[in-house]
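Visitor: Could you take me slowly through one part of this model, beginning with a helix and the strands beneath it, and explain each term as you reach it?

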Amino acid sequence: MTDVIQATKTGNTQLKNKISQISREFSYDETAYNLPISFALTGVAVHDKNSAADVFAKTGDNPLVASECLLAEATAATGKEPAPFTGFISDTVIRKLGYSLVDGSILGLALIVGTPESAGSAAAICRELQEKYMLTFLAGGVIPILSSAGVKLGLDYRLIPLGSKPIHSVHFVDIVARVAMMFGGVSPGDISRLLTYAAERAKAIVIVFPGLTDEEIALVDGMRVLGFPILTLSGYEGGEWTPATPDTIVRTGMDLKGIRVNVTAIPIPMGCSPAFEGKSIRKEEMQVEFGGGRSPAFELLRMKNPGEIEDGKVTVIGPEIDVMKEGGAYPLGIIIEVTGKSMKKDYEPVLERRIHNFVNYGEGSWHVAQRDLIWVRISKEAFAKGVKIEHLGKLLASKFRMDFPLLLDAVAVTLTTDAEKVLVGKREAESIYAERDARIKGMKDNDVDTYYSCTLCQTFAPNHVCIITPERPALCGAISWLDGKIAFEMSPSGANQPVEKGALLNAQNGEFEGVNKFVKKASHGEIERCSLYSVMEFPMTSCGCFEAIALMLPEVNGIMVVNREYKGMTPSGMTFSTLAGTIGGGAQSPGFAGISKNYILSDRFLQGEGGIERLVWMPSQLIEELKPRLVPLLMAKGHPDLFDKIADETTAATIEDLTDFLTRVGHPALAMKPLM
Amino acid sequence: MIPDPNFAWTGTVGEVVLGATRPDGGTRSRSYRIGGGTTLPFMEKEQKSPSPLIAFEICDDSRYWSPIVNDFCGDLIHDPGAWAKTAETTYGADLVRLCLTSTRQRDFSDIDSLGKITEKVLKSTTLPLIIEGSNEPKIDSEVFQKCGEVGQGERLLLGTAEAGRYRSIAAAALAYNHAIIAQSPIDINLAKQLNILLKEIGVSRDHIVIDPYTGALGYGFEYSFSAMERIRFSALKGDVDLAMPMICAPSDSLTIKEVREADAATRDAIAVEWEFTTSIAAAIAGAEIVCVRHPNTVKRLKAAFASLKGGV
């Protein structure tokens with residue numbers, strides 16, 4: 001066992017000595033970047049003893065710089081190693097490599113250095129790297145061992161033999177340095193940008209086999225500064241090197257560096273697109289169904305620790321669809337396990353809601369409701385095309401990875417159709433739902449200090465700013481607080497920015513100092529104040545995408561809501577489209593607000609005006625749509641009879657009808673504080 | 001009355017350089033700096049931005065080209081080199097846009113031939129070049145690698161990146177320093193999103209030209225016009241993610257019924273009329289480059305642009 005820390009120390013001293021003994025001049029051909037590592041770090045073109053010593057000192061005795069200079073000198077003395085060794089690789093080839101990296105045809109870079117104890121495990125590691133679209137560079141004893149085991153080497157095989165000695169792994173680093181300068185816009189000498197680029201963009205891992213000298217260990221250990229994980233199977237201990245086993249070393253390295261095999265196509269025998277989302281499967285079109293009160297069913301998404309699950313794995317426990325009777329109802333448990341570095345337990349319920357969308361994306365699969373109330377159907381047509389239960393799992397595993405590429409590292413799906421196991425799983429899931437409910441009953445506005453903005457619509461409503469809070473989704477209904485957060489994590493310069501809410505100015509209306517400040521800036525000075533929970537005073541602006549409009553009806557002292565789908569006349573005397581034309585475009589219109597449908601179900605809805613008791617009218621289709629959630633919500637708020645007091649176009653077509661209706665049913669809004 | 005063109009814009013349309021001359025490492029006889037507008041097109045008080053450029057489109061497999069153009073151009077259509085040269089010397093185009101239509105063949109795999117054609121066209125004309133690469137996502141990677149490499153140093157404009165399909169072309173732009181066309185389907189939000197995606201992969205703004213997608217006049221061009229107008233308004237209001245020059249290709253004009261079914265005696269005139277009118281509208285909406293396929297459209301457009309710029 002070699003102690004990495006000790007060896008690095010000794011190695012660095014030896015490198016320092018050797019730097020002072022450089023005697024000849026040296027340079028590389030076919031490059032515009034001189035000695036690329038030294039050039040990238042300092043902007044100095046190293047070619048002799050003095051310039052080498054200068055750069056070495058400037059970089060704080062960096063072992064990468066030392067090794068680069070020493071290797072260049074040695075190469076100048078003895079000439080390039082013969083084929084198959086590539087030695088220093090020309091800029092032209094690097095451009096092609098860089099192209100493949102940007103293009104995505106190579107996912108990342110790996111360096112294997114040292115002398116493996118067995119050819120078998122080294123070959124297996126290389127095969128796995130090839131399968132995972134990694135471009136692998138080799139240096140030292142590993143090359144003859146792979147060759148003798150019959151492993152083909154060369155660019156075509158994505159296995160590049162750099163040189164016979166471990167020090168040739170310097171070329172691995174000079175490639176990364178040149179890619180940073182060619183593709184990353186890093187100017188020579190800009191160390192901080194280079195390091196940021198290497199750490200964030202260069203997807204590189206290092207696998208070390210035994211047999212390295214102290215100097216070579218210092219060189220490899222020096223690569224940590226670039227953010228490359230160093231992994232080892234045996235022979236080394238201590239330091240920051242990650243021990244691993246042959247089976248897991250590639251996956252561990254890729255996980256550590258966040259290199260993911262992208263999912264591009266979903267391997268299932270049915271179409272999968274948001275286009276199919278609205279398509280329902282009627283009873284007579286259905287092959288089998290699950291849940292919906294006809295059989296036990298549930299869905300659950302849980303976070304696991306990294307390494308606990310295998311990405312993309314789909315398991316079906318119990319009978320498959322082909323042994324199920326046509327038209328039958330069967331038990332189903334959907335369990336999704338995910339891991340991700342920035343994944344949090346709080347995200348579980350929100351991600352779990354996506355199961356609904358994703359299953360509906362399937363051309364022949366359909367999903368309604370949530371948790372242990374789900375109802376899933378698979379169509380006869382899909383069954384005829386060969387769709388199985390397993391494919392629902394593949395669809396879910398792939399869609400989660402595709403839609404949350406930066407949040408999730410691995411997704412595994414277990415689908416249970418075994419009746420007894422479903423019942424057991426369901427009981428377990430129910431206790432988890434209860435735990436979640438107890439813990440946060442959905443995320444609340446008061447639980448967070450940061451809201452998110454959305455200015456995506458500024459391209460057509462130049463001064464419009466949405467402020468998205470856990471309890472108030474964007475007015476288009478498409479972006480929740482979590483979506484905003486994830487979008488910001490994925491693209492820090494994008495349309496969703498964090499908004500520190502700052503000091504509370506008006507609790508009832510939801511007015512915050514930080515929000516006002518942000519809105520003023522983001523609206524280019526147009527909007528000074530913004531109340532998150534009020535329709536009457538400084539309401540949020542509206543772009544044009546709102547799912548529904550909430551507006552005051554002074555005649556009845558209440559507020560009505562009309563959704564986009566409703567084409568008819570409303571008691572306000574205006575249709576949705578007339579109203580939309582009036583309030584859109586980024587203007588602040590007191591008395592009117594564009595909202596999402598889900599916001600109606602939020603505790604914050606109409607808080608400024610006294611709460612949901614103000615709600616007097618909605619189109620019947622919207623009432624029907626919200627009914628399953630609205631009834632229990634009103635019950636919980638202590639207004640079990642309010643649901644029936646909300647008028648629609650059948651009970652109140654005009655403002656006069658509405659006044660009569662509300663008086664007849666004794667709607668609470670009539671007795672509330674005057675709106676104006 | 002000419003309205004006051006002062007709208008108190010705060011933004012400027014970004015500039016993109018196309019084509020490299022010898023001192024810049026290329027072999028083009030000229031290079032263009034497009035964009036730079038500070039107000040709506042043709043409304044500047046001082047002449048700041050140049051007239052829209054006219055790109056003449058040619059292809060390497062005329063089976064996928066308009067029969068009207070094929071008949072008019074004759075044998076040239078079988079020789080992209082000669083065709084490109086004619087576009088420069090006879091038709092009077094500012095740019096040549098080479099569409100690699102051969103990639104549309106089923107299971108196309110002869111990537112080397114694309115490199116040879118590109119090289120030949122580069123040798124035959126000294127105009128800056130637009131190259132419209134692969135039509136098949138599966139071969140994108142190889143096609144753009146090849147075109148990018150062959151055109152290294154020439155500052156090509158490579159097309160066409162789309163939301164789900166931009167990595168290869170972005171890679172070519174980064175590796176070989178070319179500009180790229182970013183196309184979105186007549187949707188300002190998607191245009192902006194694609195520009196942001198490109199920025200995140202590392203393509204800088206001064207290497208992107210927006211293609212808002214051009215419907216044919218009478219067949220949806222009003223949507224294009226409106227999307228372009230909004231893109232330009234956003235740019236001038238300071239949205240840097242939309243402040244790029246635009247390119248329009250009214251090539252759909254040659255496939256519409258009125259042109260396709262025109263009788264032999266008038267069909268060239270009708271084709272030109274349709275291309276010309278769509279192009280003029282596109283230029284007024286803000287296009288910095290318009291692409292046409294009928295040789296007779298080029299001169300008419302030149303004259304029209306000169307007149308618009310000069311106000312004569």
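Guide: Let us begin with helix α12 of chain A (residues 348–361), which lies across β14 and β15 of chain A and runs at about 155 degrees to β14(A). This is a predicted model, in which local features need a pLDDT of at least 70 and side-chain atom pairs count only at pLDDT 80 or more, while totals for chains, interfaces and linings use all residues. Residues are numbered from 1 along each chain as its sequence is written, and chains are lettered from A and ligands numbered from 1 in the order in which they are written. Helices (H or I, at least four residues) and strands (E, at least two) are DSSP runs numbered from the N terminus, and angles run from 0 to 180 degrees between N-to-C directions, with axes fitted as lines to C-alpha atoms, for helices over the stretch in contact.

The strands β14(A) and β15(A) belong to an open sheet of four strands in chain A, with the order β12-β9-β15-β14 and mixed pairing, where two strands pair if DSSP finds at least two bridges between them. At the edges stand β12 (328–330) and β14 (365–368) of chain A, and because each has a single partner strand, one side of each is left without a neighbour in the sheet. From one strand to the next, the twist averages 20 degrees. The partner of β14(A) is β15 (residues 375–379) of chain A, and the two pair in the antiparallel sense over four bridges; within this pairing, S365(A) stands opposite I378(A) in β15(A).

A second open sheet of four strands in chain A has the order β10-β13-β16-β11, with mixed pairing. Its edge strands are β10 (297–303) and β11 (314–317) of chain A, each of which pairs on one side only, and the twist in this sheet averages 10 degrees from one strand to the next. Here β11(A) and β16 (residues 410–416) of chain A run parallel and are joined by four bridges, with T315(A) standing opposite T414(A) in β16(A). Our starting helix returns at this point, since α12(A) packs on this sheet too, touching β10 and β13 (332–339) of chain A, and its direction makes about 135 degrees with that of β10(A). Another helix, α14 (residues 389–403) of chain A, lies across β11, β13 and β16 of chain A and runs at about 155 degrees to β16(A).

Elsewhere in chain A, we can look at how one helix packs on another. Helix α4 (residues 63–78) of chain A and helix α10 (residues 214–222) of chain A pack at an angle of about 125 degrees, with their axes 8 Å apart. The two are therefore oblique to each other, given that angles under 35 degrees count as roughly parallel, over 145 as roughly antiparallel, 65 to 115 as roughly perpendicular and the rest as oblique. Their contact (C-beta atoms, placed from the backbone, within 7 Å) is made by P63(A), L64(A) and S67(A) of α4(A) and by A218(A), L219(A) and G222(A) of α10(A). These residues divide into four nonpolar, two polar and no charged, where Ala, Val, Leu, Ile, Met, Phe, Trp, Tyr, Cys and Pro count as nonpolar, Asp, Glu, Lys and Arg as charged, and the others, Gly among them, as polar.

Helices also pack between the chains, where 22 residues of chain B are in contact with 18 residues of chain A. On the side of chain B that touches chain A, two or more residues come from each of α4 (140–150), α5 (167–176), α6 (188–201) and α7 (221–236) of chain B, and the largest share, eight residues, comes from α5(B). Taken together, the residues of that side divide into ten nonpolar, six polar and six charged.

Across this boundary, helix α5 (residues 91–103) of chain A packs with α5(B) at an angle of about 150 degrees, with the axes 8 Å apart, and the two helices are therefore roughly antiparallel to each other. On one side of their contact are R95(A), G98(A), Y99(A), V102(A) and D103(A), and they meet residues of α5(B), including R167(B), L174(B), A175(B) and Y176(B). The residues of this contact divide into eight nonpolar, two polar and three charged. Of these, A175(B) is 26 residues from E149(B) in sequence and 8.3 Å from E149(B) in space, C-alpha to C-alpha, and E149(B) itself lies in helix α4 of chain B.

Notes. Contact = placed C-beta atoms within 7 Å.
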